[in-house]
Amino acid sequence: MSSTVIAVGGHIGDMELTAGPTLAKAVLEGGRAIIVDCTYGERGHPTIAPSVYRAQKVDEARFFADAIGAEVVTLDYSDGFLPDTDDVAEQIAAIIRDAKPDLLITHWLHSMHRDHERAAQTALRAAFLASIPIEEIDTPRHSVPAILHAENWEDMEGFEADTFFEIPDAAYDRWRTGIERHAFARGETYGFRYIDYYSALMEVKGCLAGCRRAAAFKTSSHEKFTLAGP
Ligand SMILES: [Zn+2]
């Protein structure tokens, strides 16, 4: 998997948790990984003020990206208020045209969080916008060859995994180092044991895929609509 992978999430931490092991693997295999967090996720702490938690989230995102060798871009939108506009999609499309990813990962389309649903829809829209010729934009268009939705316990309505990537120990270890910096993942915000959940999930999916650990995804049925002609 010596390839370029872009992961688009609703909040800082979402793609780090769910796509992170696969991104770490891509980097270890000589590829490039870019995490696009659409909002800061700054309203996710019950006692720390959003303005303070936002700075902590940015630090956590940077630490995670360094730990797995990825790049991170945080769009300047507020947790809970991600707009579903072409303006957001065009910002992501610009990153796609520039990086020319082989794979785009985002949330599943149905979630308990509106920001997750909007991030997923916007990522698909961005893939479409990046694939069509727009004469006002100098960077050549790019059709993303593959789009996958990451498994996330918050986005499970109608989710059915059909794609599994083996996660080697080295990728798991880098992911674990990075994700342990995230306070919410350690269970310090609302108590959900994210790291335990996703570590166990990778073991369960590994049982199904015939390896120690695996990450599960659902192929986007929207690919055929987002890919323009050759
Ligand atoms: Zn989230």
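**Exercise 1. State what share of the residues in the protein chain is buried.**

Solution. The structure is a predicted model. A residue counts as buried if 20 or more other C-beta atoms lie within 10 Å of its own. By that criterion, buried residues make up 44% of the 230 residues in the protein chain.

**Exercise 2. Decide how the radius of gyration of the protein chain compares with the globule rule.**

Solution. Begin with the content of the chain: 8 helices and 7 strands. Next, take the radius of gyration, 16 Å, and set it beside the 17 Å that the globule rule gives for 230 residues. The two values are close, so the chain is as compact as a globular protein of that length. Along the principal axes, the C-alpha atoms fill a box of roughly 50 × 45 × 35 Å.

**Exercise 3. Work out which strands stand at the edges of the sheet.**

Solution. Write down the strand order of the open sheet: β3-β2-β1-β4-β5-β7-β6, with mixed pairing. β3 (71–77) and β6 (163–166) each have a single partner strand, so one side of each lacks a neighbour in the sheet, and these two are the edges. On average, neighbouring strands of this sheet are turned by 25 degrees against each other, direction ignored.

**Exercise 4. Describe how β5 is joined to β7.**

Solution. Strand β5 covers residues 146–150 and strand β7 covers residues 214–219. They run antiparallel and are joined by 3 bridges. For A150, the bridge partner in β7 is F217.

**Exercise 5. Find which strands helix α5 lies across.**

Solution. Helix α5 spans residues 114–131. It lies across β1 (4–11), β2 (32–39), β4 (103–106) and β5. Relative to β1, helix α5 runs at about 145 degrees.

Terms used
Residues numbered from 1 in each chain as written. Predicted model: local features only at pLDDT ≥ 70, side-chain atom pairs only at ≥ 80, totals over all residues. Helix = DSSP H or I, 4+ residues; strand = E, 2+ residues; numbered from the N terminus. Rg over C-alpha atoms; globule rule 2.2 N^0.38 Å. Buried ≥ 20, exposed ≤ 12 C-beta atoms within 10 Å, placed from the backbone. Pairing = 2+ DSSP bridges. Axes fitted to C-alpha atoms, helices over the stretch in contact; angles between N-to-C directions. Contact = placed C-beta atoms within 7 Å.
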